[in-house]
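Here is a friendly walk through one protein chain, from its overall build down to a few single residues. Please keep the viewer open as you read.

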Amino acid sequence: MLNEHPAVVQSAVIGRAVTGNEEVVAFVQLLPGSTVNPADLTAHAARQLAPYKRPCKIIVLDALPAGSTGKILKHRLAEVAREQAVNQA
C-alpha cells in the first residue's frame with residue numbers, strides 16, 4: 001500500500017514485538033528530491049488500512065538494504081528499528 005504513494009520507490013514492513021502483541025514498522029525509500037515526510041505517509045496509510053494494520057512508525061531510508069539478488073534484507077531492517085528504539089529511549 002505504501003508503494004502506491006507517488007513519492008515512494010519501494011517499501012517493506014517488519015513486525016516488532018511489544019508487550020502482548022506485535023506492531024508494524026514500515027521502511028520506505030523515496031524518490032530523490034521528494035518532500036514527503038513520515039506524517040504524510042502515515043496519513044496515506046490511514047486512508048487505506050484498518051487501524052491494526054497501520055504502521056506504528058515509518059522510517060525513511062536512502063535505500064532499503066538488499067542482497068545480491070535484490071531481495072530486501074528484513075533482518076537488517078529489524079536492526080535499524082531496534083537501534084532507533086534504543087536511541088529514543
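Buried residues make up 29% of the 89 residues in the chain, where buried means under 20% relative accessible area, exposed means over 50%, and partly exposed lies in between (1.4 Å probe, protein chains only). This is a predicted model, in which local features need pLDDT of at least 70 and side-chain atom pairs count only at pLDDT 80 or more, while totals for chains, interfaces and linings use all residues. Residues are numbered from 1 along each chain as its sequence is written, and side-chain values use heavy atoms, with hydrogens and water left out.

**Overall build**

The chain has 2 helices and 3 strands, arranged along the sequence as β-β-α-β-α. These elements are DSSP runs numbered from the N terminus: helices are H or I with at least four residues, strands are E with at least two. Along its principal axes, the C-alpha trace spans about 35 × 35 × 25 Å. The radius of gyration is 13 Å, which agrees with the value near 12 Å that a compact globule of 89 residues would have; the radius is taken over C-alpha atoms, and the globule rule is 2.2 Å times the number of residues to the power 0.38.

The accessible surface comes to about 5,700 Å², and carbon and sulfur atoms hold 51% of that; the areas come from the Shrake-Rupley method with a 1.4 Å probe. Among contacts with a separation of 6 or more, 55% are between residues 24 or more positions apart. Contact here means heavy atoms within 4.5 Å.

**The two helices**

Helix 2 runs over residues 74–88, and its 15 residues reach 21 Å from the first C-alpha to the last, close to the 21 Å expected at 1.5 Å a residue. That expected span is 1.5 Å times one less than the number of residues. Which residues of helix 2 are buried? They are L77, A78 and A81. These cover an arc of only 105° around the axis, which puts them on the same side of helix 2; the arc is that of the directions from the helix axis to the C-beta atoms. On the other side of helix 2, H75, R82, E83, V86 and N87 are exposed. The cover over the buried residues of helix 2 includes strand 1 (8–18), strand 2 (21–30) and strand 3 (57–61).

Helix 1 can be read in a similar way. In helix 1, L41, H44 and A45 are buried. They cover an arc of only 95° around the axis, which puts them on the same side of helix 1. A39 and R47 are exposed on the other side of helix 1. Strand 1, strand 2 and strand 3 are included in what covers the buried residues of helix 1.

**The nonpolar cores**

The largest nonpolar core has 10 residues: A12, I14, V25, F27, I59, L61, L64, L77, A78 and A81. A nonpolar core is a set of buried Ala, Val, Leu, Ile, Met, Phe, Trp, Tyr and Cys residues joined through side-chain atoms within 4.5 Å. Strand 1, strand 2, strand 3 and helix 2 each give two or more residues to this core, and helix 2 supplies the largest share, 3 residues. Apart from this core lies another, of 9 residues, among them A7, V8, A26 and I58.

I14 belongs to the largest core. Leaving aside neighbours within four places in sequence, I14 is in contact with E23, V24, V25, F27, K74, L77, A78 and A81.

**Three residues side by side**

The table sets out where three residues lie, their relative accessibility, and their contacts, leaving aside neighbours within four places in sequence.

| Residue | Location | Relative accessibility | Contacts |
|---|---|---|---|
| H44 | helix 1 (residues 38–48) | 7%, buried | M1, L2, E4 and H5 |
| P55 | loop between helix 1 and strand 3 | 12%, buried | V24, A26, A45 and L49 |
| Q84 | helix 2 | 27%, partly exposed | K57 and I59 |

Two of these residues come with a C-alpha distance you can check in your viewer. P55 and E23 are 32 residues apart along the chain, with their C-alpha atoms separated by 7.1 Å. Q84 and I59 are 25 residues apart in sequence and 9.3 Å apart in space, C-alpha to C-alpha.
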